[in-house]
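Grab your viewer and a notepad. Here's a short set of exercises to work through, each with its solution right below.

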Amino acid sequence: MTWLLGYVDPSDPCFVAAVLAITFNPLFWNVVARWEQKTRKLSRAFGSPYLACYVLGGAILLLNVLRSHCFTQAMLSQPRMDSLDNPTAYQVGLVLLGVGSMLVLSSFFALGFTGTFLGDYFGILKEARVTTFPFNILDNPMYWGSTANYLGWAIMHASPTGLLLTVVVALIYVVAILYEEPFTAEIYQQKSSQIHKRS
């Protein structure tokens, strides 16, 4: 980890912007979703929990585009690493990008739009927690798929800055998982209890 810092200028404005974007995104969607879950103000403002969830999902998608742009600009503004600047490393990065994209897309198809974009905070619940692929091989596959995408992108660009920012992405996702997972488990436990009481 220390050797990476020799290649990276943390005061570079592009690097700072990337770190801020990486940190802000999960903070934004968790704060807004918890606020909605407690107050239902977004659902009331848009007249429907589904429409409110779609709007939040759209905002998250735009923020993710901005995050990826900042990540790429930070890589391009700082030196490349000679030991990664070769065809083999590029192919490894391409494979990681492929695996990451597969995890993200298959997670999206398994969850649907509202399942992906925090619909459970809007009261939009599935019959049960999703356990089909890729959730049957990995917890939180969308987060780890996204991390694999950034890692692959960094390796393809032979970028130590990208590698360091990928570590930041992974750490932020770990914090997000610790925050989100207990809530998701609790609401599906409550739903299961309600179903048992009715039957």
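The exercises below go from annotated segments to the core, then to the surface and one charged residue.

**Ground rules.** This is a predicted model, where local features need pLDDT of at least 70, side-chain atom pairs count only at pLDDT 80 or more, and totals for chains, interfaces and linings use all residues. Residues are numbered from 1 along each chain as its sequence is written, and side-chain values use heavy atoms, leaving out hydrogens and water.

**Exercise 1.** Find the segments that UniProt annotates as "transmembrane region" and check the secondary structure of 45-66 and 89-119.

*Solution.*
- Start with the record: the unreviewed UniProt entry puts this feature at 15-33, 45-66, 89-119 and 161-179. Its positions follow the numbering used here, feature names are shortened, and annotations may be inferred rather than shown by experiment.
- Next, take helices and strands as DSSP runs (H or I, at least four residues; E, at least two), numbered from the N terminus.
- Residues 45-66 come out 91% helix and 0% strand, with end C-alpha atoms 26 Å apart.
- For 89-119 you get 90% helix and 0% strand, and the ends are 39 Å apart.

**Exercise 2.** Work out which helix supplies the largest share of the largest nonpolar core.

*Solution.*
- Set the criteria: a core joins buried Ala, Val, Leu, Ile, Met, Phe, Trp, Tyr and Cys residues through side-chain atoms within 4.5 Å. Buried is under 20% relative accessible area, exposed over 50%, partly exposed in between (1.4 Å probe, protein chains only).
- The largest such core has 41 residues, and Leu118, Phe122 and Leu165 have the most contacts inside it.
- Helices α2 (13-39), α4 (49-76), α6 (141-156) and α7 (160-198) each give at least two residues.
- The winner is α7, with eleven residues.
- Now zoom in on Leu165: beyond neighbours within four places in sequence, its contacts (heavy atoms within 4.5 Å) are Phe15, Ala18, Val19, Ile22, Phe71 and Ala74.

**Exercise 3.** Is Glu181 buried, partly exposed or exposed, and what does Glu181 touch?

*Solution.*
- Locate Glu181 first: it sits in helix α7.
- Its relative accessibility is 28%, so Glu181 counts as partly exposed.
- Skipping residues up to four places away in sequence, Glu181 touches Arg129 and Asn140.
- As a distance check, the C-alpha atoms of Glu181 and Ala21 are 22 Å apart, with their positions 160 residues apart along the chain.

**Exercise 4.** Classify the exposure of Tyr54.

*Solution.*
- Tyr54 belongs to helix α4.
- At 41% relative accessibility, Tyr54 is partly exposed.
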